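I am opening a notebook on a structure that is new to me, and I want to record what I look up as I go.

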Amino acid sequence: MKRTTGQDRTVTRRWRPATQAVRGGTARSEFGETSEAIFMTSGFCYDEAEEAAARFRGERPGMTYSRLQNPTVQMLEERLCLLEGAEACRVTASGMAAMSAALMSHLSAGDHLVAGAAAFGSCRVLTDTILPRFGVETTIVDARDPQAWAKARRRNTKAFFFETPANPTIDIADIRAISDIGHDAGALVIVDNAFASPVLQRPIEFGADVVAYSATKLMDGQGRVLAGAVLGPAEWMEKTLLAFTRHTGPNLSPFNAWVVLKSLETLDLRVSRACENALRVARFLERRGVTVLYPGLASHPQHELAMQQMSAGGTIMAMTLDGGRPRAHALLDALELIDISNNVGDSRSLMTHPASTTHYSVSAETREAMGIGEGMLRLSVGLEDAQDLIDDLGQALDRVGL
Ligand SMILES: *Cc1c(COP(=O)(O)O)cnc(C)c1O
């Protein structure tokens, strides 16, 4: 009897996500290894000259150069396609390589982009500073308000870009409503899904066209590698994204692809546990009287929408302390277990002060407009025992007099 290797999509599409995460996309070599092999090779050899020529003409399958194809990288791309329910995937060297490739491959001088205000700092630099240098006009809107997207549309609008939940204000955007408005305008709808992962939210199911990731976050989830991914329709991937990345080379190394591939095997377990921990921590903070924004709490202004789109509240929350930056920095310094770190989606719980770190490079006025106050702290909850996290936050709040 023939065993399925995870490569035949007609079979793997039928698997449930937990099975896909472990087995999807596996391509075994002639040695029959259990764990996926790392193909650390830049190039490939051919038995004869005509074979090389035929592959370059695209008439025969087979790999030619690792900027274009690599077996380990392709296993990761196929596994991500299955998890996301997307037709095609390209992985990249970092999340920002994914975001910039998705936007720059699609937009040209004279095009107009509408983007959500609350976003990862580097995404705002991309939309507000880099793309306009190449003649792309950008309008920034409050992503929470679908009417703002409708009003921002123009004749030359080619793309909508937003994240949900958004970094670091934990705003939720209505993927279905915004996608409908975007499609009406003929725009490609691109969602940065880094804070949710396909375990919690699959934007394509709500009408988005393209999903982009920092796989550095929940997908690796153990603070080891930078990685990114772009997922979307096969035709767009071939004609637009690959037409750009083949020649600009934002490739993911086969080694880093392998690390993420192995991490996907535990993605569901890790994300589910971190969400449980995050909910307990958020409830504790609320009981202590701290202003906390967490989509899984009924007090989050968009709790209902978040729960329609996501299967749990996520692993990240924002809290705002009275007393501005001095109080916020004092709380960070009082922590004994939770690390001061600007990363998120790690197995270790990490806390940062966005105004002085991740969003330091956006102007004070932009931060103000984004709702990033001087007293705001962002907490990414990991896999430690939730009670230890609560104890650490409790003693730190005591020490800063809250
Ligand atoms: C981290 C992050 C990025 C950038 O990803 P890198 O892997 O650091 O390049 C983009 N968007 C969001 C929402 C992020 O959290």
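The entries below concern a predicted model and turn first to a surface patch, then to a helix, then to salt bridges.

Entry one, the patch. I looked up Ile38, Met40 and Phe255, which form a nonpolar patch on the surface and together have about 280 Å² of accessible area. I then followed Phe255, which lies in helix α12, residues 254–264.

Entry two, the helix. Is Phe255 buried, partly exposed or exposed? I noted a relative accessible area of 38% for Phe255, and because buried means under 20% and exposed over 50%, this residue counts as partly exposed. In the same helix, α12, I found Pro254, Ala257, Val259, Val260, Leu261, Ser263 and Leu264 to be buried, and the buried residues of α12 pack against α2, α4, α10 and α13. At the start of α12, I saw that a side-chain oxygen of Ser253 comes to within 3.1 Å of the backbone nitrogen of Phe255.

Entry three, the salt bridges. I recorded a count of 24 salt bridges, and I looked up some of them. Glu78 and Arg9 pair through their side chains at 2.8 Å, N to O, and this pair links distant parts of the chain, with Glu78 in helix α4 and Arg9 in helix α1, 69 residues apart. Glu78 is buried at 15% relative accessible area, whereas Arg9 is partly exposed at 28%.

I also noted Glu336 and Arg399, whose closest N and O atoms are 3.2 Å apart; both Glu336 and Arg399 are exposed. Finally, I wrote down that Glu36, Arg79, Lys262 and Glu265 are linked in a network of salt bridges.

How values were computed:
Residues numbered from 1 in each chain as written. Predicted model: local features only at pLDDT ≥ 70, side-chain atom pairs only at ≥ 80, totals over all residues. Heavy atoms only, no water. Patch = residues over 30% accessible without salt bridge, like charges linked within 9 Å, V, L, I, M, F, W, Y side chains within 5 Å. Areas by Shrake-Rupley, 256 points an atom, 1.4 Å probe, with all protein chains shown as cover. Salt bridge = Lys/Arg side-chain N within 4 Å of Asp/Glu carboxyl O. Helix = DSSP H or I, 4+ residues; strand = E, 2+ residues; numbered from the N terminus. Buried < 20%, exposed > 50% of the residue type's maximum accessible area, 1.4 Å probe, protein only. Contact = heavy atoms within 4.5 Å. Polar contact = N/O pair within 3.5 Å; in protein donor to acceptor, adjacent residues only side chain to side chain.
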